[in-house]
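Subject: The structure I promised you

Hi,

Here is the structure I said I would send over. Have a look at it first, then read on for what turned up.

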Amino acid sequence: MKLAIFGCGKIANRIAASCKLTDNIELVGFGSKDPAKAEEYARKYGCPDFGDYDHFLNSDIDAVYIANYNAGHEALIRRCLEHHKNVICEKPMLFSEKQVNEAFDLAQENGVLLMEALKSVFLPLNLKIKKMIEDKAIGDITDVYAAFMRGGDHPADHWINDPETGGAFMDLGSYCVGTLNFLTGIRPKLIKLESDRTKETAETSAEALLDYDGIKGRVCVSNSKDGDMTLIISGTKGYIRADDFWKSGSGYYEVDGKRYEIAEELISDFYYELKHFADLVDNGIKESPVMDRMASLDILHITAKIKE
Ligand SMILES: NC(=O)c1ccc[n+]([C@@H]2O[C@H](COP(=O)([O-])OP(=O)(O)OC[C@H]3O[C@@H](n4cnc5c(N)ncnc54)[C@H](OP(=O)(O)O)[C@@H]3O)[C@@H](O)[C@H]2O)c1
């Protein structure tokens with residue numbers, strides 16, 4: 001699969017490094033609004049091609065990894081799909097249920113795959129935790145908790161502070177809600193949501209209480225304060241805990257007061273979502289069985305409530 005990365009910013013570096021580890025991805029180059037930046041990235045990662053977005057949209061590449069800022073996702077997704085490119089787009093992919101439905105409809109019309117890049121749900125660690133939940137390793141689940149609290153130094157005009165497409169809940173909450181949705185297999189209801197959001201400014205911290213069909217859910221996020229970065233699944237017989245659950249290979253669980261380590265393979269945090277996407281494209285499959293339309297809608301169904 002020939003793939004180009006669009007958007008030459010911070011995360012593009014880590015995606016590129018993981019593409020190099022994926023046997024069925026040929027990273028042909030980088031697209032950017034600034035072709036000089038695309039050239040710099042192409043040289044850094046030994047890629048043969050670079051240019052503006054149109055350069056690649058009119059080429060024979062199979063797929064695009066959209067890694068530009070949030071407010072630029074929607075327009076770029078549309079352009080890629082209209083040019084019959086398969087698309088994997090960074091989280092949070094889109095910002096309303098209407099946008100998600102329109103984008104997946106467009107992918108269908110053009111016969112290509114669209115997938116939100118929520119890397120946590122492809123990690124062997126979280127596949128293992130999901131299996132443990134299904135096997136009732138800690139009994140019946142009673143509570144689920146995910147926190148992503150990481151202080152940042154974003155200037156007020158940084159895109160992450162855009163009230164429409166930024167904010168800690170939309171950004172970091174997508175990992176927390178998306179991972180809990182994946183692990184439980186349940187679409188949650190929002191019970192309570194508190195944040196420091198104002199009419200003019202996006203939230204820098206938020207806390208949500210969720211109901212997963214009787215299982216209590218709690219999500220804490222912050223992009224202004226350092227704090228907890230943990231996933232905890234509690235059951236009637238014990239609990240499972242994993243730190244840095246969106247990029248980690250390890251955790252542990254306790255049952256009857258005894259602690260057991262969980263250690264899963266971790267080639268890189270981006271490797272597993274990339275491999276999943278590339279395998280789907282290779283096999284002509286047009287929707288991911290993991291991050292499909294419904295999975296993206298189920299995340300937004302909670303995270304977009306911050307804007308109401
Ligand atoms: N999966 C993960 O672990 C992870 C981690 C962090 C971020 N992300 C997501 O990845 C995406 C990119 O994040 P990043 O931290 O790499 O972003 P970034 O470095 O700030 O910017 C990435 C690119 O977005 C475009 N851009 C940035 N600010 C812009 C502005 N004000 N106006 C117009 N274009 C702008 C530029 O694209 P051009 O090169 O085309 O000019 C830039 O190279 C976001 O959706 C973010 O949520 C994912």
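Below is a walk through the model, starting with the overall layout and ending with a few odd spots in the backbone.

One thing to keep in mind is that this is a predicted model.

**The two domains**

The chain is split into domain 1, made of 2–117 plus 271–284, and domain 2, which covers 121–269. Their C-alpha centres are 26 Å apart. The two domains do touch: 13 residues of domain 1 are in contact with 13 residues of domain 2. Which helices help to build the domain 1 side of that contact? Helix H1 (10–19) and helix H9 (271–282) each bring at least two residues to it. H9 gives the most, with four residues. If you sort the residues on this side of domain 1 by type, you get eight nonpolar, three polar and two charged.

**Around the ligand**

There are 18 residues around the ligand, and the ones that come nearest are Gly9, Ile11, Ser32, Asn68 and Glu90. The shell as a whole divides into five nonpolar, six polar and seven charged residues.

**Strands S5 and S6**

Strand S5 (86–90) and strand S6 (residues 114–117) run parallel and are joined by four bridges. To find one of the pairs on screen, pick Val87, whose bridge partner in S6 is Leu114. Is S6 covered on one face or on both faces? Both: Leu114 and Glu116 are buried on one side, and Met115 and Ala117 are buried on the other.

**Strand S7 and its two partners**

Now go to strand S7 (residues 141–149), which pairs with strand S11 (residues 230–235) in the antiparallel sense through five bridges. Ile141 stands opposite Gly235 in S11. S7 also pairs with strand S10 (residues 215–222), this time parallel and over seven bridges. There, Ala147 stands opposite Cys220 of S10.

S10 also contains Ile215, which is a nice residue to click on. Ile215 and Asp143 are 72 residues apart along the chain, yet their C-alpha atoms are separated by 5.4 Å. Leaving out residues up to four places away in sequence, Ile215 touches Ile141, Thr142, Asp143, Val144 and Thr184. Is Ile215 buried or exposed? Neither label fits: 19 other C-beta atoms lie within 10 Å of Ile215, and being buried takes 20 or more, so this residue counts as partly exposed.

**Helix H6 and its two sides**

Helix H6 (residues 124–134) is a good one for practising. Its buried residues include Leu125, Asn126 and Ile129. Why do these three sit on the same side of H6? They are on the same side because they cover an arc of only 90° around the axis. It helps to remember that an α-helix has 3.6 residues a turn, so residues three or four places apart point the same way. Turn to the other side of H6 and you will find Lys131 and Glu134, which are exposed.

What covers the buried residues of H6? The cover includes helix H8 (173–184), S11, strand S12 (238–243), strand S13 (250–255) and strand S14 (258–263).

**Odd spots in the backbone**

Most residues other than glycine have a negative phi, and most peptide bonds are trans. Here are some exceptions to look up.

- Lys136, just after H6, has a positive phi of about 60°.
- Asp213 has a positive phi near 50° and lies in the loop between strand S9 (205–212) and S10. It counts as exposed, because it has 11 C-beta neighbours inside 10 Å and the limit for exposed is 12 or fewer.
- Asp256 also has a positive phi, near 50°, and is placed in the loop between S13 and S14. With 6 C-beta neighbours inside 10 Å, Asp256 is exposed too.
- The peptide bond from Lys91 to Pro92 is cis, with omega near -20°. Pro92 is in the loop between S5 and helix H5 (97–109).

That is the tour. Write back if you get stuck finding any of it.

Cheers

How values were computed
Residues are numbered from 1 along each chain as its sequence is written. This is a predicted model: local features need pLDDT of at least 70, side-chain atom pairs count only at pLDDT 80 or more; totals for chains, interfaces and linings use all residues. Domain bounds come from an automatic or database domain assignment. Two residues are in contact if their C-beta atoms, placed from the backbone, lie within 7 Å. Ala, Val, Leu, Ile, Met, Phe, Trp, Tyr, Cys and Pro count as nonpolar, Asp, Glu, Lys and Arg as charged, and the others, Gly among them, as polar. A residue is near a molecule or strand if its C-beta atom, placed from the backbone, lies within 6 Å of it. Two strands pair if DSSP finds at least two bridges between them. The arc is that of the directions from the helix axis to the C-beta atoms.
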